[in-house]
Amino acid sequence: MNRIYVDNAATTKIEDRVFEAMLPYLKEEYGNASSIYSLGKNAKSAIEKARVQVAKVLNCDTNEIIFTGSGTEANNMVLNCVKKGHIITSKIEHPAILETCKHLEKQGVKVTYINVDEDGTVDFDELKNSIREDTTLISIMFANNEIGTIQPIKEIGEFAKKHNILFHTDAVQAVGNIDIDVKKLNIDLLTLSAHKFNGPKGVGALYIKKGTKLTPFIHGGHQENNKRAGTENVAGIVGLGASIELAYKDISAHNKHLLSLRDYYFEQIKKRIPHIKINGHLKNRLPGNANISFRFIEGEGILLGLDQKGVCASSGSACTSGSLDPSHVLLAIGLSHELAHGSLRVTFGKYNTKEEVDYVVNELEMIIKNLRNMSPLYEKFLEEEK
Ligand code: PLP
């Protein structure tokens, strides 16, 4: 059975060219980037090349980029380094932000969690009204990992700048899928992660605008301009650099490819499966994201059925699957528990094809029919319809 991977928001398959670029740094070029002999210098210059590749994409200087061990680490670094006064964030952030905020609250930091509307867009008026004398940071994700909604980042950035408040965006889902210019968008801090754009897992980066004071989060050696101690993951960083460069070589074609698959998927599902709800903003959304609630059934049941047919998808965020609680994002956009439980996230990537969409839709149609035939909720619905 062929595997069909439509869970690209969870992670992506590594690109062959990225893998090839990394290999020497796992084998013969094993030097420590802090060593002064040539083997060390080779590692150092490979890291610096990756920094140039990232800086070019984000339109910033190379000394504004530091490499981290993940997107989660970069988010933790931002919040832990600020760690004073009042922080504004949203209710639909990734756990890497929300759980860190909860942890900081226990240490006396005040946090305001902004609501979102039914499309998942942050309530900008509420955000504006939430600032206080002691507000130190606004952290709003660029695009949501579950429903794909893209936030009004430019407007939030302008607002934060006007009020002299630091603005951080968790752009883990956006980088690799859409154009991002940190200067035009007034971003002070931005998180990204290589495994979301066909790079390796376990390596991320943080953009820190020149002049932004962040005390180290991980203490130790002098790596990464004294901002992130620890011997660098050279192969991972090389992979991040190569993958971001490849992702942006033809970002508009990539965008178009994902959009055509996503729109075709929506069209087919709407045509063939009744009682559904598309979650997230219809226009301001990541091109590859399709999150749909299927009424009367559980997302887990759909996932198991799809898995038996070789299809990898998700019923919510990768980090929350395995838990039976409904997704905090779907509840925040106002879904009932029933609709939240019946959600299926399909996220397309560069390797997906139209034939794969056809296969997934065909299988879904059957799986959903079967699950509904066994569903007491569906039976009740049919009774009431009579
Ligand atoms: N932020 C968002 C929006 C994400 O989707 C993820 C991963 O799913 C993360 C942060 C965490 O990134 P990483 O997997 O690199 O720790």
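These legends go with a few views of a predicted model, from the whole chain down to a single arginine.

**Figure 1. The chain as a whole, with 14 helices and twelve strands**. Given its length, this one packs up as you'd expect: the radius of gyration is 22 Å, close to the 21 Å that the globule rule gives for 386 residues, so the chain is as compact as a globular protein of that length. Laid along its principal axes, the C-alpha trace spans about 80 × 55 × 35 Å.

**Figure 2. Inside and outside of the chain.** Of the 386 residues, 56% are buried. Take the contacts in the chain with a separation of 6 or more, and 72% of them turn out to be between residues 24 or more positions apart. As for the outside, the accessible surface comes to about 17500 Å², and carbon and sulfur atoms own 52% of that.

**Figure 3. The shell around the ligand, 13 residues in total**. The closest ones to look for are T72, D170, Q173, S193 and K196. Sorted by class, the shell holds nine polar residues, two nonpolar and two charged. Helix α3, which runs over residues 71–82, gives the most to this shell, with three residues.

**Figure 4. Polar atoms facing the ligand's oxygens.** Here we zoom in on three spots. At K196, a polar side-chain atom sits 2.6 Å from an oxygen atom of the ligand. H195 also brings in a polar side-chain atom, this one 2.9 Å from a ligand oxygen. With G71 it's the backbone that does the job: one of its polar atoms is 2.8 Å from an oxygen atom of the ligand. On its own the ligand has 390 Å² of accessible area, and the protein covers 89% of it.

**Figure 5. R228, an arginine in a loop**. Follow the chain out of α7 (223–226) and you'll meet R228 before α8 (234–249) begins. Is R228 buried or exposed? Its relative accessible area is 15%, and buried means under 20%, so R228 counts as buried.

**Figure 6. The company R228 keeps.** The side chain of R228 makes a polar contact of 2.7 Å with the side chain of E73. Setting aside residues up to four places away in sequence, R228 touches I66, F67, T68 and G69, along with E73, I218 and Q223. E73 therefore shows up twice in this view, as a residue that R228 touches and as its partner in a side-chain polar contact.

How values were computed. Residues numbered from 1 in each chain as written. Predicted model: local features only at pLDDT ≥ 70, side-chain atom pairs only at ≥ 80, totals over all residues. Heavy atoms only, no water. Near = heavy atom within 4 Å. Polar contact = N/O pair within 3.5 Å; in protein donor to acceptor, adjacent residues only side chain to side chain. Areas by Shrake-Rupley, 256 points an atom, 1.4 Å probe, with all protein chains shown as cover. Helix = DSSP H or I, 4+ residues; strand = E, 2+ residues; numbered from the N terminus. Nonpolar A, V, L, I, M, F, W, Y, C, P; charged D, E, K, R; others polar. Rg over C-alpha atoms; globule rule 2.2 N^0.38 Å. Buried < 20%, exposed > 50% of the residue type's maximum accessible area, 1.4 Å probe, protein only. Contact = heavy atoms within 4.5 Å.
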